[in-house]
Amino acid sequence: MNIESIVGLGLVAVGIAIALWGASRPNRIELNGESLTIKGNYSHTIAICDIESVVLADKLPEIVLRTNGIGFRHIKVGHFRLKGTGKCRLYVNLRYPPYVHIVTVTGEHVFFNTPDPDYTRELYNTLISSRNQCLGDSKNIGNRDTNKG
């Protein structure tokens with residue numbers, strides 16, 4: 001091997017390491033009275049008033065296919081297909097349940113969590129409160145998924 005090949009391979013290795021490090025970084029969740037924004041890889045914003053339902057789930061449905069995203073060990077971010085759900089967006093770390101499952105009025109499914117399960121629950125509760133304010137009444141759209149299977 002000549003020096004150019006060694007340098008080239010080294011640069012490729014560094015590039016791969018940086019990409020894997022970036023993919024493993026948790027997304028940032030921002031929630032205000034009008035929208036939920038997931039920042040980072042495959043960023044996404046959902047208007048609070050466009051949320052049809054929100055569930056706090058202890059377990060994700062089985063992942064059938066990654067269609068466009070990152071599926072690195074326990075990190076799943078991007079576009080996937082789930083058994084029983086179909087197309088969805090995942091922003092999850094499988095090591096840290098629970099997961100917030102949002103369904104929008106257009107039928108889009110979005111799952112997210114944070115590395116801190118208590119903070120995920122706090123975001124869920126805040127999301128429920130914000131959505132109920134958007135509805136303008138005391139209708140509770142939140143549900144707790146007790147299906148462990």
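This briefing walks through the fold, a small sheet, the cores and two individual residues of the structure above. The model is predicted. The chain has 149 residues, and 37% of them are buried. Its secondary structure consists of 2 helices and 10 strands.

**The chain as a whole**

- Following the sequence, you meet the elements in the pattern α-β-β-β-β-β-β-β-β-β-α-β.
- Among contacts between residues at least 6 apart in sequence, 44% link residues at least 24 apart.
- The exposed surface of the chain comes to about 8600 Å², and carbon and sulfur atoms supply 53% of that area.

**The sheet of β1, β2 and β3**

- Three strands build an open sheet in the order β1-β2-β3, with antiparallel pairing.
- The edges are taken by β1 (28-31) and β3 (44-47); each has a single partner strand, so one side of each has no neighbour in the sheet.
- Neighbouring strands in this sheet are turned against each other by 10° on average, with direction ignored.
- On one side of β2, 4 bridges join this strand to β1, and the two run antiparallel.
- Two bridge pairs help you trace that pairing: Leu-31 is partnered with Leu-36 of β2, and Ile-29 is partnered with Ile-38 of β2.
- The link from β1 to β2 is a hairpin through 3 residues.
- β2 also pairs with β3, again in the antiparallel sense and over 4 bridges.
- Here Ser-35 has Ala-47 of β3 as its bridge partner.
- The hairpin of β2 and β3 has 4 residues between the strands, and Gly-40 in this hairpin takes a positive phi near 130°.

**Thr-37, a residue of the middle strand**

- Where should you look for Thr-37? This residue lies in strand β2, which spans residues 35-39.
- Is Thr-37 buried or exposed? Thr-37 counts as buried because its relative accessibility is 14%, and the limit for buried is under 20%.
- The strand around Thr-37 fits with this: 4 of the 5 residues of β2 are buried, so β2 is largely enclosed by the rest of the structure.
- Its side chain makes a polar contact with the side chain of Thr-45, at 3.2 Å.
- Leaving aside residues up to four places away in sequence, Thr-37 touches Arg-28, Ile-29, Glu-30, His-44 and Thr-45.

**β4 and its partner β8**

- In β4, 5 of the 7 residues are buried, so this strand is largely enclosed by the rest of the structure.
- β4 pairs with β8 in the antiparallel sense, over 6 bridges.
- To find the register, start from Val-55, whose bridge partner in β8 is His-101.

**The nonpolar cores**

- The largest nonpolar core has 20 residues, and those that touch the most other members are Ile-51, Val-54, Val-100, Ile-102, Phe-112 and Leu-127.
- Which elements give two or more residues to this core? They are β2, β4 (51-57), β6 (75-82), β8 (99-104), β9 (109-112) and α2 (117-135).
- Helix α2 gives the largest share, 4 residues.
- Ile-102 is a handy place to start exploring: apart from residues up to four places away in sequence, Ile-102 touches Leu-36, Ile-46, Ile-51, Ser-53, Val-54, Glu-108, His-109, Val-110, Phe-112 and Leu-127.
- There is also a second, separate core of 8 residues, and its members include Cys-88, Leu-90, Tyr-99 and Phe-111.

**Arg-81 in strand β6**

- Arg-81 sits in strand β6.
- At 34% relative accessibility, Arg-81 counts as partly exposed, because that class runs between the 20% limit for buried and the 50% limit for exposed.
- Arg-81 and Glu-62 are 19 residues apart along the chain, and their C-alpha atoms are separated by 8.7 Å.
- Beyond residues up to four places away in sequence, Arg-81 touches Glu-62, Ile-63, Val-64, Leu-65, Thr-67, Gly-86 and Lys-87.

Conventions:
Residues are numbered from 1 along each chain as its sequence is written. This is a predicted model: local features need pLDDT of at least 70, side-chain atom pairs count only at pLDDT 80 or more; totals for chains, interfaces and linings use all residues. Side-chain values use heavy atoms; hydrogens and water are left out. Buried means under 20% relative accessible area, exposed over 50%, partly exposed in between (1.4 Å probe, protein chains only). A polar contact is a pair of N or O atoms within 3.5 Å; within protein, one must be able to donate a hydrogen and the other to accept it, and residues adjacent in sequence count only if both atoms are side-chain atoms. Contact means heavy atoms within 4.5 Å. Accessible areas come from the Shrake-Rupley method with a 1.4 Å probe; for residues, only the protein chains shown count as cover. Two strands pair if DSSP finds at least two bridges between them. Axes are lines fitted to C-alpha atoms, for helices over the stretch in contact, and angles run from 0 to 180 degrees between N-to-C directions. A nonpolar core is a set of buried Ala, Val, Leu, Ile, Met, Phe, Trp, Tyr and Cys residues joined through side-chain atoms within 4.5 Å.
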